[in-house]
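Student: I would like a close look at the aromatic ring pairs of one model. Please treat the geometry and the surroundings of the rings together.

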Amino acid sequence: MPEWVQAGGWGLLAGSALLIGAGAGWFARVPRTVIASVMAFGAGVLLSAVSFELIAEAHERGGLMPTAIGAIGGALAYTGANLLLARRGARHRKRSGQAQPSEQAQPGSGSAIAVGALLDGVPESVVIGASLLTGGPVSLVTVVAVFLSNVPEGLSSAAGMRRAGRSGRYVFGLWTAIALISGVSALAGYALLGGTPPEVLAVVTALAAGAILAMITDTMVPEAFEDAHLLVGLITVLGFLSAFALSHT
């Protein structure tokens, strides 16, 4: 199977977890403490992947300076875009409670949430595709980390969207589109970055890592802390160690 097809397939697989989570959040009426706990675990998994896969790989390819430039650039880009989206009603797009505004309360917030979901998902998918450029198999740890973190993201967001009065067509249409775009983004990460110098690839990998790290602290950790604050540290560490163990097997 051509590697570009594999890249797209792995990205689609990781993105499909958003639909799994959205289904659970929409139909199962999952308690908010459970949502928060799963979100904490997913945050820990992603933190591990960022540390031991993305940043470590970027440093190995390009050294400290390209890695630092990329990571800071990714965090700045994410933060800037997130500030703009927050003003349009997407600040709490991953929250499961009453924080998400309805379309009636803030017109245009639905579109802002959709764009915000793209902002959260595209960097993860690009690095999945780029991980195939080494000539070896896909980074299984990155795929698993993104998959496991996408489940609570979809779950929490869908629960919040339901409480905000958004329709099932909107919610599942949104996450289906994001899952498909995840596959396309992974394919693009493989196709567009092939043949680039190691320093450039290091910057791009670190850029995605910086954006993901900013997303974790801005959207996932607050949701986890709000309803599971007494256990959130322990659960996050368990997620972190699970991904770490997977990367060392």
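Which residues do ring pairs link into a cluster?

Tutor: The model is predicted. In it, Trp26, Phe27 and Phe172 are joined into a cluster by ring pairs. The count of aromatic pairs comes to four.

Within the cluster, Trp26 and Phe172 form an edge-to-face pair, with 6.1 Å from centre to centre and 75 degrees between the planes. The distance falls within the 6.5 Å limit for a pair, and the angle is over 60 degrees, so the label edge-to-face applies. Trp26 belongs to helix 1 (residues 3–27) and Phe172 to helix 6 (residues 168–193), so this contact ties together parts that are 146 residues apart in sequence. As for accessibility, Trp26 has a relative accessible area of 16% and is buried, because the cut-off for that class is under 20%. Phe172, at 21% relative accessibility, counts as partly exposed.

Another pair is formed by Phe52 and Phe240. Their arrangement is edge-to-face, with 5.6 Å centre to centre and 65 degrees between the planes. This pair also links distant parts of the chain: Phe52 lies in helix 2 (residues 32–62) and Phe240 in helix 8 (residues 232–247), 188 residues apart. Phe52 has a relative accessible area of 36% and is partly exposed. Phe240 counts as partly exposed too, at 24% relative accessibility.

Technical notes. Residues are numbered from 1 along each chain as its sequence is written. This is a predicted model: local features need pLDDT of at least 70, side-chain atom pairs count only at pLDDT 80 or more; totals for chains, interfaces and linings use all residues. Side-chain values use heavy atoms; hydrogens and water are left out. Rings of Phe, Tyr and Trp (its six-membered ring) pair if their centres lie within 6.5 Å; planes under 30 degrees apart count as stacked, over 60 as edge-to-face and the rest as tilted. Helices (H or I, at least four residues) and strands (E, at least two) are DSSP runs, numbered from the N terminus. Buried means under 20% relative accessible area, exposed over 50%, partly exposed in between (1.4 Å probe, protein chains only).
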